[in-house]
Amino acid sequence: METLYVIKIGGNIVDNPALLQECLVAFAQLKGQAILVHGGGKLATEMGNKMGVAQTMIEGRRVTDKATLNIVTMVYAGSINKNIVAQLQSLGVQAMGLSGADGNLIQAHKRVHESIDYGFVGEVESINTTLIQALLKSQMRLVIAPITHDGQGQLLNTNADTIAQSLSLIHISEPTRLRRI
């Protein structure tokens, strides 16, 4: 079985061009199949402030109302994801940028908390391992943005650490869907 690397980079790396480049060079040099999951860094907060949408963080999670969901979708699945993919391409890596909504990659449900309404924040429910395996077998490196969906047409902002942890449980030889309870 080929080694599968699941690497997660957060805001401190995404926000620092030199550090991001260093991490992408190291990612490009990995031998085996690899998935890069990224967070959003300060860009979503900056964009929200420019658009007059206040950003609130509780317990490391961004409270995500409808306006914030639009912002994080643009920033994470758009600007940041495509920038990382382009940088990997410049390093000779066949990279494909995806969000959890693409190809039914990651389904989630709305996060439920006893006393906090996080809005449109997701918790991973299932991962389409068949799609991931097919892309990885084609020698593609995956770059995954932390936007998921609930299977009913609703996008959700899902913690990148949680996504990386869920992806790390995939066994490449098993073409089944991971169910996380």
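In this predicted model, helix α3 (residues 43-50) packs with helix α4 (residues 66-90) at an angle of about 130 degrees, and their axes lie 9 Å apart. Because angles over 145 degrees would count as roughly antiparallel and those from 65 to 115 as roughly perpendicular, α3 is described as oblique to α4. The crossing of the two helices, α3 and α4, is right-handed. On the α3 side the contact is made by L43, A44, M47 and G48, while α4 contributes I71, V72, V75, Y76, S79 and I80. Sorted by class, this contact of α3 with α4 holds 8 nonpolar and 2 polar residues, with no charged ones.

Helix α4 also takes part in the nonpolar interior. The largest nonpolar core has 24 residues, and those with the most contacts inside it are I9, Y76, I84 and L88. At least two residues of this core come from each of α1, α2, β2, α4 and β8, and α4 gives the most, with 9 residues. Apart from this core lies another, and the two are set out below.

| Core | Size | Residues including |
|---|---|---|
| Largest nonpolar core | 24 residues | I9, Y76, I84, L88 |
| Another core | 19 residues | I127, M140, L142, A164 |

Leaving aside residues up to four places away in sequence, I9 touches V14, L20, L36, V37, H38, G39 and I84.

Another residue of helix α4 is A86, which counts as partly exposed because its relative accessibility is 46%. The C-alpha atom of A86 is separated by 9.3 Å from that of G97, a residue 11 positions apart from A86 along the chain.

Methods
Residues numbered from 1 in each chain as written. Predicted model: local features only at pLDDT ≥ 70, side-chain atom pairs only at ≥ 80, totals over all residues. Heavy atoms only, no water. Axes fitted to C-alpha atoms, helices over the stretch in contact; angles between N-to-C directions. Helix = DSSP H or I, 4+ residues; strand = E, 2+ residues; numbered from the N terminus. Parallel < 35°, antiparallel > 145°, perpendicular 65-115°, else oblique. Left-handed = near helix turned anticlockwise from the far one by under 90°. Contact = heavy atoms within 4.5 Å. Nonpolar A, V, L, I, M, F, W, Y, C, P; charged D, E, K, R; others polar. Buried < 20%, exposed > 50% of the residue type's maximum accessible area, 1.4 Å probe, protein only. Core = buried A, V, L, I, M, F, W, Y, C linked by side-chain atoms within 4.5 Å.
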